[in-house]
Amino acid sequence: MELDSLYQEVILDHYKHPLHKGLSTEKTVQVHHVNPSCGDEITLNILLQDGVVSDVTWDGVGCSISQASVSMMSDLVHGKSLDEAFVIVDSFSELMSSKGSLQGDESLLEDAVALAGVSKFPARVKCALLGWMAFKDAAIQGRDGEKI
Amino acid sequence: MSLLDVAAIKADFPIFDKKMRNDARLVYLDSGATSHKPQQVLDAERTFYTQHNAAVHRGSHLLAEEASAAYEGAREIVSHFIGADVDEIIFTKSATESLNLLAYSFSNTNRGVFALKPGDEILVSEMEHHANLIPWQQLAKRTGATLTWFGTTDEGRLDISKIDSLISTRTKIVAITHQSNVLGSINPIHMIAEKAHTVGALVVVDACQSAPHFALDVSTLDADFIAFSGHKMLGPTGIGVLWGRAALLAQMEPFLYGGSMIESVTMESATWAPAPRKFEAGVPNMAQAVGLGAAINYLQAIGMEKIHDHEVALTNYALSGLQTIKGLRIFGPLDTVDRGGVISFALDEIHPHDAGQVLDQYGIAVRTGHHCAWPLMRKFGVAGTTRASFYLYNDLSDIDVLIDGIAATQKYFKVS
């Protein structure tokens with residue numbers, strides 16, 4: 001079924017057992033993002049130490065795609081430098097806008113390549129990007145804060 | 001149970017020839033968002049463009065005359081449909097515009113019943129669509145008035161238990177939906193209006209979910225204004241209606257200024273044409289108004305009572321069927337008393353977007369999300385719901401397909 005290209009097993013695993021869910025007390029920046037078309041919401045904390053993402057935690061409500069996506073993202077950027085994290089985020093953004101033409105770079109995106117199929121469902125791309133955009137926002141705010 | 005001849009009705013709607021994903025037939029359960037259009041409406045719009053197209057109320061040529069007659073003819077059809085005087089029908093581009101027009105007309109004046117000041121109250125409800133909430137929220141901000149609201153009971157009905165304290169001499173406007181677009185509950189407009197009128201408040205009714213589905217008569221509804229849209233009642237997009245009492249429209253300030261809405265203009269000032277022209281600046285959506293007229297003719301040829309009975313039968317059948325599904329929670333009344341054909345539900349462990357995605361594989365079109373009623377979602381503690389809404393072209397087999405689709409969705413996500 002066409003649906004299986006959207007809902008790969010690894011996505012449903014992350015949905016049922018999300019990683020880094022539950023907000024930490026210690027944080028550099030907290031952001032809150034919503035998807036106004038469906039009401040999904042995410043609150044995300046990042047802790048930055050010397051330009052490294054030493055912790056990412058989140059809480060929120062959303063569909064399997066958005067929840068699995070933020071779970072994968074938080075695991076991926078954990079422990080990465082901000083520069084490395086931005087490369088990963090950009091690569092994922094590119095994958096999501098590919099309309100099914102890209103497979104995704106597994107060495108960079110790991111589990112998140114399973115979301116490649118989402119790019120064929122225009123109404124769901126925003127779901128997949130919700131957590132990533134929240135992270136990017138928080139990371140930029142944190143980076144600019146650190147510079148000051 | 002009294003059902004319409006759906007096969008005959010469907011034959012008038014070209015969209016039902018379309019194949020959905022996996023070659024499934026279209027099971028359209030999203031008429032609460034927008035309805036499909038019968039050939040008669042499409043033909044009316046096309047004929048307007050091919051035979052009569054001209055800017056209405058201008059020009060001295062044959063086409064201008066025919067276009068004006070067609071546009072004003074549509075206004076007459078709408079007026080008969082709701083039991084109003086023809087000059088009380090204002091065409092807008094949408095119900096949203098109708099409600100904004102009204103809200104801005106209030107803040108465009110500082111005299112009479114339309115003037116609002118700090119201390120005044122605007123009463124809405126927690127179950128309003130954003131279109132009948134935000135215009136009033138913003139009007140309150142512009143004028144210093146206070147927004148108050150009716151709550152919703154756990155059953156999904158309007159909580160009128162506090163009506164005596166909610167409606168007071170401070171109340172100037174009561175803006176309420178006739179039927180909730182999420183819960184399906186039909187509100188006791190007459191009772192609320194009676195109470196509101198004893199304190200001199202004006203009553204605005206959002207009739208988007210009622211006008212398409214059951215007979216509506218403004219001479220007995222007791223409202224002062226009603227708003228509804230064409231596209232939810234088999235008509236085209238781009239056409240909405242605002243009805244107001246003639247005496248009120250005469251006092252009301254315009255919202256949009258420009259051509260068509262004037263009586264006389266100098267470089268320094270202008271005076272306004274009488275209603276409805278005063279509220280229809282610019283060349284209106286003519287073909288769409290004509291299409292709406294054709295849609296109403298179509299509905300009336302079947303009969304609004306019959307359409308309502310049909311939808312009640314479908315709703316009854318769906319409520320029974322849905323309640324047999326384990327892990328499914330319905331938001332809204334579980335019986336068909338004062339309830340329309342809109343059923344919102346949530347599935348345990350399955351987000352509405354995911355449910356909608358799987359149902360789509362079976363050709364089932366439902367609405368998922370917050371339904372432009374975010375405060376109501378918060379009240380029920382959910383991010384969104386899945387909503388099935390019915391119309392005259394749905395039959396019992398559509399509901400069977402939905403129920404099977406839900407079972408397949410639960411299976412897909414391994415929820416039993």
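Mentor: Let's start with a term we will need: a polar contact is a pair of N or O atoms within 3.5 Å, where, within protein, one atom must be able to donate a hydrogen and the other to accept it. Please keep in mind that this model is predicted.

Trainee: Thanks! How many residue pairs are in polar contact across the interface of domain 1 of chain B and domain 2 of chain B?

Mentor: The rule finds 19 such pairs there, with both residues at pLDDT 80 or more. On the domain 1 side, α11 (304-323), β13 (342-347) and α13 (374-380) of chain B each give at least two residues to the surface that touches domain 2 of chain B. The largest share, six residues, comes from α13(B). By class, that side holds 20 nonpolar, eight polar and eight charged residues.

Trainee: What makes these two parts of chain B separate domains?

Mentor: The split comes from an automatic or database domain assignment, which gives domain 1 as 6-30 + 303-412 and domain 2 as 42-300. Their C-alpha centres lie 28 Å apart.

Trainee: And how do you know what domain 1 and domain 2 of chain B bury between them?

Mentor: The size of an interface is often given as the accessible area lost when the parts come together. For domain 1 and domain 2 of chain B this is about 2700 Å², with 59% of it on carbon and sulfur atoms. B:M304, B:L376 and B:Y391 supply 24% of the area that domain 1 buries against domain 2, more than any other three residues.

Trainee: Why is the meeting of the side chains of B:K379 and B:D154 called a salt bridge?

Mentor: The cut-off is 4 Å between a side-chain nitrogen of Lys or Arg and a carboxyl oxygen of Asp or Glu. B:K379 and B:D154 have an N to O distance of 3.3 Å, so the pair qualifies under that rule. Across this domain interface the rule finds two salt bridges.

Trainee: What makes B:R378 and A:E41 a salt bridge?

Mentor: Their closest N and O atoms are 3.5 Å apart. The limit is 4 Å, so this pair counts too. Between chain A and chain B the rule finds three salt bridges, along with 12 residue pairs in polar contact. On chain A, the elements giving two or more residues to the side that touches chain B are α1 (9-16), β2 (40-49), α2 (64-77) and α5 (122-147). Here α1(A) has the largest share, with four residues.

Trainee: How many residues of chain A are in contact with chain B?

Mentor: 25 residues of chain A are in contact with 17 residues of chain B, and the two chains bury about 1800 Å² between them.

Trainee: Why is B:N187 called buried?

Mentor: Buried means under 20% relative accessible area. B:N187 has 4%, so the label fits. B:N187 lies in the loop between β6 (171-177) and α7 (189-198) of chain B. Beyond its neighbours within four places in sequence, B:N187 is in contact with residues including B:M127, B:L158 and B:H178.

Trainee: Why does B:A24 count as buried?

Mentor: B:A24 has 15% relative accessibility, and the cut-off is under 20%, so the residue meets it. B:A24 sits in the loop between α1 (6-10) and β1 (27-28) of chain B. Not counting residues up to four places away in sequence, B:A24 touches B:K18, B:K19, B:Y362 and B:G363.

Trainee: How far apart are B:A24 and B:Y362 in sequence and in space?

Mentor: They are 338 residues apart in sequence and 5.8 Å apart in space, C-alpha to C-alpha.

Note on methods. Residues are numbered from 1 along each chain as its sequence is written. Chains are lettered from A and ligands numbered from 1 in the order in which they are written. This is a predicted model: local features need pLDDT of at least 70, side-chain atom pairs count only at pLDDT 80 or more; totals for chains, interfaces and linings use all residues. Side-chain values use heavy atoms; hydrogens and water are left out. Buried area is the accessible area (1.4 Å probe) that two parts lose on being put together, summed over both. A polar contact is a pair of N or O atoms within 3.5 Å; within protein, one must be able to donate a hydrogen and the other to accept it, and residues adjacent in sequence count only if both atoms are side-chain atoms. Ala, Val, Leu, Ile, Met, Phe, Trp, Tyr, Cys and Pro count as nonpolar, Asp, Glu, Lys and Arg as charged, and the others, Gly among them, as polar. Buried means under 20% relative accessible area, exposed over 50%, partly exposed in between (1.4 Å probe, protein chains only). Contact means heavy atoms within 4.5 Å.
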